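Take a walk through this protein chain, from its overall make-up down to single residues. The sequence and the coordinates come first.

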Amino acid sequence: MDLLEYQGKQLFARHEIPVPSGIPARTVDEAMAAAEQIGYPCVVKAQVKIGGRGKAGGVKVAANATEAREYSEAILGMDIKGFTVYELWIEEASEIEAEYYAAIVFDRSARAPLVMLSTQGGMDIEQVSEETPEAIATLHVDPLLGFQPFEARRLAFEAGIDADLIRPIGDFLTRLYATFIAEEAMLVEVNPVIITPDRKVKALDSKITLDDNALFRHTENAALRDPSDEDPQEQMARDYGLAYVKLDGDIGIFGNGAGLVMSTLDVVTIFGGEPANFLDAGGGAKPEAITRAVEVICSNENVTAVLFNIFGGITRCDDVATGLIEAFATNPPSVPFVVRLDGTNDVEGRRILAEADLPGVYTASTMNEAAEKVVALAKGESL
Ligand code: GDP
Ligand code: MN
């Protein structure tokens, strides 16, 4: 789950990371009340879960009430890279002497968090990493030992930070790491970290991605979830406890085991189809889970055909067949299904399906055959 900038800053504040103070606002009136309380100059900032707001005109420093009103009116409702601005963050303006970049991400290949620091903040960090990668100092943290203060200071030194700021930046990074661990984040990024004329360090922006799978341990963070910006199918799948990811295509996919589902997506693509989703029913899928999965897959209106690819291990193919028949009885689908059953009790499963003789349900015995059939059906061809 991604947080809005101000939600991230509130989280930083709880971990004693210095941030400018501010007030969220959903209307121009609220924004004006916030601006009056904060005083001028203040910054009017669009709250959308996408970067580059500054360049898009979504971050403006207001010198007085007239400007604060003008900017709030302009930014509320603005479209930034496809994201509509519903909320503003009105913040006390900061004086900026330097803009740095700091981030902590998981480096999966190293199996460790990676801390990054650069004096080239404020701008496009992707561009910095492409053109002058040496301008970003990096360090892997041993997750068992944690991030040691001397490591933070060394990183600051390697990044070329002024001598008087090595300690303050080191402290800043230490707190950032503590936040990353305590909140079970996947990413914390601050661009820019600013240095004020009186040499104070502050987080002027925040980008935080929290681990959805750990949210149950963080009720305060979980409450920040905004159901309106979630995909309806993904929301439904989460309520049902299904592992589902929406994709752009038109072929619904159901399989058991993440590996099998991933290869099903590949095979469908090789045969010229476009998967509409990833859905892993897991091991031991019971009829109820299948009924729910069919409901989730078919509620995506882009879906024109569905591929059921089951390799029975723990999951029994006869259970899957029974589940499909139940699902179709309660909610007859309007699109054709191709079902491939292989593995535990496959003969029995195929027999149950054949006996039910469901309209619009086709069987296949290999993955390739199933993919070929479902791609043809999705294109409106008849078999
Ligand atoms: P982003 O464009 O979405 O990354 O939004 P940021 O919050 O990073 O703001 C973009 C830029 O606006 C920053 O890099 C600053 O240069 C500028 N900015 C933001 N807040 C202030 C402020 O309080 N004072 C000044 N002078 N500039 C600011
Ligand atoms: Mn930024």
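**From one helix to the whole chain**

On one side of helix α12, Val347, Ala354 and Glu355 are exposed. The model is predicted, so keep that in mind throughout. The helix spans residues 346-356, and Asp346, Gly349, Ile352 and Leu353 are its buried residues. Why do the buried residues line one face of the helix? Look down the axis of α12: they fall within an arc of 125°, so they share one face. That face has partners. The buried residues of α12 pack against helix α11 (317-330) and against two strands, β17 (337-343) and β18 (361-364). After α12 comes Asp357. Its phi is positive, near 50°.

Now step back to the full chain. The protein chain holds 13 helices and 18 strands. Along the principal axes, its C-alpha atoms fill a box of roughly 80 × 50 × 40 Å. Of its 383 residues, 48% are buried. Many contacts link distant parts of the sequence. Among contacts with a separation of 6 or more, 69% join residues 24 or more positions apart. The accessible surface comes to about 18300 Å². Carbon and sulfur atoms account for 51% of that surface. Charge is next. There are 32 positive and 61 negative side chains. The centres of the two sets lie 3 Å apart.

Return to the start of the chain, at helix α1. This helix covers residues 5-14, and 7 of its 10 residues are buried, so the rest of the structure largely encloses it. Which residues of α1 are buried? They are Glu5, Tyr6, Gln7, Gly8, Lys9, Leu11 and Phe12. Charged names appear in that list too: Glu5 and Lys9 are buried. Just after α1, Glu16 takes a positive phi of about 60°.

The cysteines come next. How many disulfides does the structure hold? The count is 0. Take Cys317 as a case. The closest cysteine sulfur to that of Cys317 belongs to Cys298, and it is 20 Å away, too far for a bond. A disulfide would need the two sulfur atoms within 2.5 Å. Cys317 is also buried, at a relative accessible area of 0%. Cys42 is likewise buried, and its relative accessible area is 0%.

Two more residues round off the tour. Is Asp248 buried or exposed? Asp248 is exposed, because its relative accessible area is 77% and the cut-off for exposed is over 50%. Asp248 sits in the loop between strands β13 (243-246) and β14 (251-255). Val303 lies 55 residues from Asp248 along the chain. Their C-alpha atoms are separated by 9.8 Å.

Leu260 belongs to helix α9, residues 258-270. Its relative accessible area is 18%. Buried means under 20%, so Leu260 counts as buried. What is Leu260 in contact with, leaving aside neighbours within four places in sequence? Its contacts are Asn309, Ile310, Phe311, Arg340 and Met367. One of these, Arg340, falls within β17 (337-343), the strand against which buried residues of α12 pack. His15 gives another separation to check. Leu260 and His15 are 245 residues apart along the chain, and their C-alpha atoms are separated by 42 Å.

Notes:
Residues numbered from 1 in each chain as written. Chains lettered and ligands numbered in written order. Predicted model: local features only at pLDDT ≥ 70, side-chain atom pairs only at ≥ 80, totals over all residues. Heavy atoms only, no water. Buried < 20%, exposed > 50% of the residue type's maximum accessible area, 1.4 Å probe, protein only. Helix = DSSP H or I, 4+ residues; strand = E, 2+ residues; numbered from the N terminus. Arc of directions from axis to C-beta. Contact = heavy atoms within 4.5 Å. Areas by Shrake-Rupley, 256 points an atom, 1.4 Å probe, with all protein chains shown as cover. Lys, Arg positive; Asp, Glu negative; His and termini not counted. Charge placed at Lys NZ, Arg CZ, Asp CG, Glu CD.
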